Every structure is written in C-alpha cells, then in structure tokens.
Amino acid sequence: MRKRALSSIVAGFVLLTVVLSACTPAASATPAASNSECLGDPSKMVADLKCQPVTIAVENAYLPFNYVVVQTNQPGGWDYDAWKEICTRLNCVPVFTETAWDGLIQQVATGQIEVGADGITNTPDRQNQVDFSTGYLQIQQKVLVRSGETRFSTMEQLVANPSLKVGVQSSTTNYITARKYLPDSRIQAYDQMPFAVQALLSGDVDAVVIDAVAGMGYQGQNADKLTFLNETLESNELGFIFPRGSSLVDPVNKALKAMTDDGTLAALNQKYFSADFKITQTDVK
C-alpha cells in the first residue's frame, strides 16, 4: 500500500546522519488518538509490557490506514484498530503520534518514535535503516485513471505516449515504481496522495500509481469518475517498522501471529480493505 510507501528508499538516498535527524521537526502526539488506559486483556495476552506506552507514528492522511473524520474530529482507521488490538494482547498503551510522511521513517530509525505504522512497504533498502514486523498485508500497486480513458489501457501504452504524465505521492514505493517506467519529467510528485488523486480528477495528470487498497477509497467516492487499469505493477508486503534492535519487534510479531491464528487480522482486513469500508475522502480531513 503506501501506501503508503517510502521516504527512505528514493533512488540514490543514503542514510541520514544523526546531525540531520536532530533537525527534523518533532512529531506531535494526537490527543484524540491516544489512549490513557492500559489495554491488556489476560485472556488474550501473549506478552506483558506492563502497561508500557508505545508511540506509533501515523500520517492521519492515508485512507483507510489512518485519517481524521471531519464530522467528529476523531481519528480512526486500520492502524488505530490494529494497535488497540495489539496492545490488548501485549498489555500496553498505544500513543498515536501524527507525523508527516517525509520524516516518518527517519524518526523511527533514529529512535524518536518507537513504531511506524502508515502502511509501510517492506523493502531491502528500508531494512538497512529499520527493523520490520512480520507482514500483515500483501498489497498490489496499480494504475488509477479517469473513467472512460481511451488513450491507453496498459502501462506500456501509457509509457509509449510522451504527452502523458503520472502522479504519485513523493517518497513512496509508488514513486519508485513510477520511475521504473517513466523519466522524472513525466512524473508529478505530491506531498499527500489526496493531492495526486485530485490532480488526476482535474486533468493535471493522466494516471496515478497507487496501492490498490488505498485507491479503492478514492474510487469508492468517485465511482463514475475513476477506475483501475487491469494490470498490477508490483506486489508488496506491508509491515510495522521499529528502530534497529527494538525490543518491541518480538512481542508485536507474537501479537500479529495470534491475531492471524484466531481470525482477528483477517476480520480487520475485511473491515478496511474491502467493499465493507464505506468512509470516503469526503468524510475525512
């Protein structure tokens, strides 16, 4: 999915130094997203973190993983439900921290934040900077286009027409994938995925490379305006990220395994990554 997916692996990117990391603006905890009580449930616990607060970075702008509902001003999404369930099994307190995507991986890598959520793709380059949990979802990168598009029906045809441009979210695996097919002059990068989709709708770009699970949300609210090309460009696994050597990796993996074994993870994925999910971009900030 991103997504969501990411700032540490743009071609030619090198590990940032500690000096640079000190210059990164600090993420701010999202009060409405933080739980004040320990969530441990003895009947489900697979490890005991003794009510340890765990800071979790989310963008709050990546449907359906994390978002803020306009009507209630409350955050929600797959990341929130998943981590509440994980802490139920680990006896911990999830503290969600709103963090801009461009600095999210770096802040986790340098230990400023304990966990990175946000639908992060597991790649070899990122493994050099952070530790990953076991995967919780296999996603596909696809091409989102305007309904009724007749100039191309495949990525190959899009590439062959030099007048066509593709939109992506900057510093994501979607951006990396687009660069495998197109020169930078034909790629328009945006800070957030909603901006890329809006550019597609307005005709500023001709297609958007996006994780299918994220694209479904935009397609749902624009059923008569957006559609996917049939082909899949890449297939990737998503996982949570941690600072290298983090003591949280093992217990989180145990929680994910338990959630897989008892069907909880499948139920969460069905809730958020299928037609059951009804929240659209117009419902969120």
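I take a disulfide to be a pair of cysteine sulfur atoms within 2.5 Å, and with that cut-off I went through this predicted model.

Entry on the count. I looked up how many disulfides the rule gives, and the count comes to two. Counting the bonded cysteines along the protein chain, I find that the disulfides follow the pattern 1-2, 3-4.

Entry on Cys 38 and Cys 51. I find the sulfur atoms of Cys 38 and Cys 51 lying 2.3 Å apart, and I note the pair as a disulfide. I then looked up the torsion about the S-S bond of Cys 38 and Cys 51, which is about -105°, so I record this disulfide as left-handed. Placing the pair in the fold, I see that Cys 38 and Cys 51 both lie in the loop between strand 1 (28-29) and strand 2 (52-58), so the disulfide ties together parts that are 13 residues apart in sequence. For the accessibility of the two ends, I note Cys 38 as partly exposed, with a relative accessible area of 28%, and Cys 51 also as partly exposed, with a relative accessible area of 37%.

Entry on Cys 87 and Cys 92. I find Cys 87 joined to Cys 92 by a disulfide, with an S to S distance of 2.1 Å. The torsion about the S-S bond of Cys 87 and Cys 92 is about -100°, so I enter this disulfide as left-handed. Are Cys 87 and Cys 92 buried or exposed? I find both Cys 87 and Cys 92 buried, whereas I had noted Cys 38 as partly exposed and Cys 51 as partly exposed.

Conventions:
Residues are numbered from 1 along each chain as its sequence is written. This is a predicted model: local features need pLDDT of at least 70, side-chain atom pairs count only at pLDDT 80 or more; totals for chains, interfaces and linings use all residues. Side-chain values use heavy atoms; hydrogens and water are left out. Helices (H or I, at least four residues) and strands (E, at least two) are DSSP runs, numbered from the N terminus. Buried means under 20% relative accessible area, exposed over 50%, partly exposed in between (1.4 Å probe, protein chains only).
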